[in-house]
Amino acid sequence: MSPSIPLQEMIRAIRSARTQCEERGVIQRECAAIRAQFRQSDNDGRSHNLAKLLYVHMLGYPAHFGQMECVRMIASPRYSEKRVGYLGAMMLLDEKQDASLLITNSIKNDLSHSSQYVQSLALCTLACIGSAEMCKDLAPEIERLLRASNSYIKKKAALCAIHIIRKVPDLGELFAPTARSLLAEKHHGVLHGAVVLITVLCECNPETLERFRKAVPDLVRIMKSLVTSGYSPEHDVAGISDPFLQVRILRLLRILGRNSESASDTMNDLLAQVATNTDSTKTVGNAVLYETVLTVLDIKSESGLRILAVNILGRFLLNNDRNIRYIAMTSLQKIVGTDNIAVQRHRGTIVDCLKDPDASVKRRALDLSLALVSASNIRSMMKELLVFLSSCPPELRSEATSGIFHAAERYAPSQRWHIDTILHVLTTAGGDVRDETVPNLILLITNASELHCYTVHKLYRALLTDISQQPLVQVACWCIGEYGDLLLRGECQEMEPIQVSADSVLDALETVLQSHMSAPATRGFALTATMKLSTRINDNVDRIRSIVSIYGSCIDVELQQRAVEYNALFKKYDHMRAAVLERMPVIERNSPGHTNGDSMGDVIKELEVDKGKQKEAPLSQLPANQVCDLLDLLGDSKESVQAGPAQGGTVPVQPINTAKPVGGDLLDLLGGFEPTPPAPAPAVTVYEKNGVTLTLSWEKQSDADVTVTLKGSNSSNSDVTSFTLQAAVPKSVHLNMKAPSGDTLPARGLAHVTQVVLLNNPNKVNLKMRIRISYSSQGSSIQDTVQMDSFPGLS
């Protein structure tokens, strides 16, 4: 294969290779020939060879040896070589490689070239691979080109300025005045670049955002001219005049109108005009309408305009394109809390999307349907959700059941409806519910005392029908154990009564115990239910005793322990069996969604308040018998307490010898002893720069061990990423750094990052610490070092 073959023949030879090995052989021979020609000083086919090398690079093979050839060709005076050289630089170089710095001077010279095409090559390359150092050096040249008379160069310079601002946000002030003047241009390419440039400036600097709010009338004028202009073959796309520029302007208006009444008022009429006059039958029109809707919903717009935006999203739900339906439901999900009434009008369409075959659309429809549930529509919405649950894909069942449970608990019209709904879910998708469902349902049933008979009959029928749904079986076993006597009576006014015998109930429980589908926890419920029935059934106690005794040697330790303890109740403590197995008391519940554990937390708080009040009461107001009990705790107290009047009154108490330490402690307990809180660990700010603050606190654990806590926060307006800390101490001190809580510091101090450092100082040397702080802020990597020379309070 000749090394001088054209690019087309090389491509043809590579494509005709039958195996991967044959293809690699062709490429290796050609790369060797290219490498040899690169070493020749008088090489006329440099651009030809570099073009072939770029094709090899596109196939995924190494082509780094062509980087220096790119640098040489960029410096060439010939446009054909310069063009291929710049293309190679954009493909083979990046800002992390030193070779990219070698082309900085060539780019600067080409930015002042007389040919607009050479200037364009330099602008494109700088916008593609320009590093922070290159951007700082060449930013004045780009600002000069923004004021050029050539529109072709202006639009390229605007896009290059966007890259520079993203790399070095501090250079935004250099481009702000020129960017405002570009809005007066007529060329759509320049306008597009100017709008994107202003958008980036506003996102980087809040002060610049306030300055460009004055440009809202200019943007409204440009947008109106696009909407009302006639047919222009140069910019028309499916009947819409330059939709790309329209979308960019709408996004910028959204940023400028956010949290600004005056700017929002200026653009309200324009947004209404765009929303009503844009054709929604084609994708291009839908793109403009969607950006219009997002802008209306994000600014301080009028209520009528917001309703119009929601109605547009409602029309999107009827579109045949699944992507449009998806983004419509995503947008409605964001505003359902603020514009609930407007979104409720499209409830039927949203529910119909639950039947969509696309999984993503179905998930969004489920989230939105659950958000639309309210007290007024709970019955109708729950019917639709239960129908969806019966046919929904497995990956959505857990989310659907959790949402249904939450909605039923929040908006249930009656306890019976609430219980029926949960039982329906357990019957349909019992294997996908969360672990807390069983105790929550038991709590609900316990509090609905008038529905105990109805519930136990319904659960018994469900147990006979299917024992594969473990949560349902667990609740059924619990109810049969608690309310088995109601089941055997056969008296239920809420449903058709059935005659249930004790043997049939025990048969059902035995089936659960012996089934291979029953989990260990389910068997525990069934065994306990069987034991509880021994106090509710008088004729089958011997059968219950034999069932329980079988599991005394069960391989499951938990089930075996239960059986052994129940056997002990039968044999040794039979007189206590009825009291031990009596019906559970009603569990009080303060509010929906709070479990018994939360209620206990409230009780503890009340007790703490009462304890504080009791501390103020003098000892003389305590009842005599209570004081005697307290004095008995001392063991060696000989003081006597005189009995008080039988009908009340104060009780005179003999003085107690306070010299005894134990007695003194007791009096402290009664007289308002308040423990002294531990002194907080000292905190010192060791670093404060670029909005990033690092504080250091320490606490002595023992004579040699110290725990140091480093806490970083960010008060700037942009997030700080890649936040890492490194620490160094004297050689005799052992250092152990724990994992940090994160590596990102959110803007405006919304969260902080902490890292714990454990120090062991056995020789008790003077403790010092040097800390290296590394982070990235606004596209720049920053690294600083601070030193803590002493830790007061550790010596």
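These notebook entries record what I looked up in a predicted model of one protein chain.

**Entry 1. The chain overall**

I began with the secondary structure and found 35 helices and ten strands in the protein chain. I then turned to burial: of the 795 residues, 45% count as buried. Next I examined contacts between residues at least 6 apart in sequence, and 64% of these join residues at least 24 apart.

**Entry 2. Helices H4 and H5**

I looked up how helix H4, residues 67-74, lies against helix H5, residues 79-92. The two pack at an angle of about 145 degrees, and their axes are 8 Å apart. I noted the crossing of H4 and H5 as left-handed.

Which residues of H4 take part in the contact with H5? I listed Gln67, Cys70, Met73 and Ile74 on the H4 side. On the H5 side they meet Glu81, Lys82, Val84, Gly85, Tyr86, Gly88, Ala89 and Leu92. Sorted by character, the residues of this contact comprise seven nonpolar, three polar and two charged.

**Entry 3. Aromatic pairs**

I searched the whole structure for aromatic pairs and obtained six. For each pair I wished to describe, I needed two values, because a pair of aromatic rings is described by the distance of the centres and the angle of the planes.

One of the pairs I examined is that of Trp478 and Tyr483, with ring centres 6.0 Å apart. Why is this pair edge-to-face? The planes stand at 80 degrees, and an angle over 60 counts as edge-to-face. I also checked burial against the limit of under 20% relative accessible area. Trp478 has 16% and is therefore buried; Tyr483, at 2%, is buried as well.

I then took up Phe723 and Tyr775, whose ring centres are 6.5 Å apart. Their planes are at 35 degrees, so I entered the pair as tilted. This pair links distant parts of the chain, since Phe723 belongs to strand S6 (residues 720-728) and Tyr775 to strand S9 (residues 769-777). The two residues are 52 residues apart. Are Phe723 and Tyr775 buried or exposed? I found both Phe723 and Tyr775 to be buried. Together with Tyr687, they form one aromatic cluster.

**Entry 4. Charges over rings**

Finally, I looked for charged ends placed over aromatic rings. The charged end of Arg35 sits over the ring of Phe65, at 4.1 Å from the ring centre. I recorded a further case at Tyr454, where the charged end of Arg416 sits over the ring, 4.2 Å from its centre.

Terms used:
Residues numbered from 1 in each chain as written. Predicted model: local features only at pLDDT ≥ 70, side-chain atom pairs only at ≥ 80, totals over all residues. Heavy atoms only, no water. Axes fitted to C-alpha atoms, helices over the stretch in contact; angles between N-to-C directions. Helix = DSSP H or I, 4+ residues; strand = E, 2+ residues; numbered from the N terminus. Left-handed = near helix turned anticlockwise from the far one by under 90°. Contact = heavy atoms within 4.5 Å. Nonpolar A, V, L, I, M, F, W, Y, C, P; charged D, E, K, R; others polar. Phe/Tyr/Trp six-rings, centres within 6.5 Å; stacked < 30°, edge-to-face > 60°. Buried < 20%, exposed > 50% of the residue type's maximum accessible area, 1.4 Å probe, protein only. Lys NZ or Arg CZ within 6 Å of the ring centre and 35° of its normal.
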